[in-house]
Amino acid sequence: MVIDLSVRRLYCENPACPRKTFVEQVDGLTERYQRRTPALRRIVEAVAVALAGSAGARLLAVLHQTRSWVTVLNCLMRIALPDRPPPVVAGIDEFALLKGHRYATIIIDADSGQRVDVLPDRKAATVTAWLREHPGVRVVCRDGSGAFA
């Protein structure tokens, strides 16, 4: 489906304003700074939560919404996590955002298997800071990597 939408471009007359132009938004159809409709964003988010990465990109291609695996991962990373109490038993592992170059850390509730948080890197200092912010964590399960020792 192609939507041909015309919106007004408004100009700011205040010379001190950092923004020179503004674009009219259409509720339910447009979002600021986005190239997708809210409905398409929700579809991509649902696929990203279920499959992530390459598998999510392949499913979206079947649905005629071509997205790269990186876009699907970025969409997954942008989804806000619901507020939950910190787990008593936390599982910590790193995963590759860009194999061999960029890694992140995922923290899950080891009892329920639910994702608790995603940290931007795999440094021990970042994980230590997260653990200090969440004193309810009593047991930590980690992989054999020396980074989290």
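Let me start with aromatic pairs, meaning rings of Phe, Tyr and Trp (its six-membered ring) whose centres lie within 6.5 Å, with planes under 30 degrees apart counted as stacked, over 60 as edge-to-face and the rest as tilted: a search of the whole structure finds zero of them. What we have is a predicted model, in which local features need pLDDT of at least 70 and side-chain atom pairs count only at pLDDT 80 or more, while totals for chains, interfaces and linings use all residues. Residues are numbered from 1 along each chain as its sequence is written, and side-chain values use heavy atoms, with hydrogens and water left out.

A ring does appear in another setting, since the charged end of Arg-122 sits over the ring of Tyr-103, 3.8 Å from its centre; the criterion is NZ of Lys or CZ of Arg within 6 Å of the ring centre and within 35 degrees of the ring normal.

Turning to salt bridges, defined by a side-chain nitrogen of Lys or Arg within 4 Å of a carboxyl oxygen of Asp or Glu, the search of the whole structure finds three. In one of them, Arg-8 and Glu-24 meet at 2.9 Å, N to O, and that pair links distant parts of the chain, with Arg-8 in the segment before β1 (9-11) and Glu-24 in the loop between β2 (21-23) and α1, 16 residues apart. Helices and strands here are DSSP runs, H or I of at least four residues and E of at least two, numbered from the N terminus.

Arg-41 and Glu-31 form another salt bridge, at 3.0 Å, N to O; Arg-41 lies in helix α1 and Glu-31 in the loop between β2 and α1, so this pair ties together parts that are 10 residues apart in sequence. Arg-41 also meets Glu-45 in a salt bridge, at 3.1 Å, N to O, and these two both lie in helix α1, four residues apart, about one turn of the helix. Glu-31, Arg-41 and Glu-45 are thus linked in a network of salt bridges.

And which residues of helix α2, residues 53-62, are buried? Taking buried as under 20% relative accessible area, exposed as over 50% and partly exposed as in between, with a 1.4 Å probe and protein chains only, they are Gly-53, Gly-56, Ala-57 and Leu-60. Seen down the axis of α2, the buried residues fall within an arc of 100°, so they line one face of the helix, the arc being that of the directions from the helix axis to the C-beta atoms. The face turned away from that buried side carries the exposed residues Arg-58 and Val-62.
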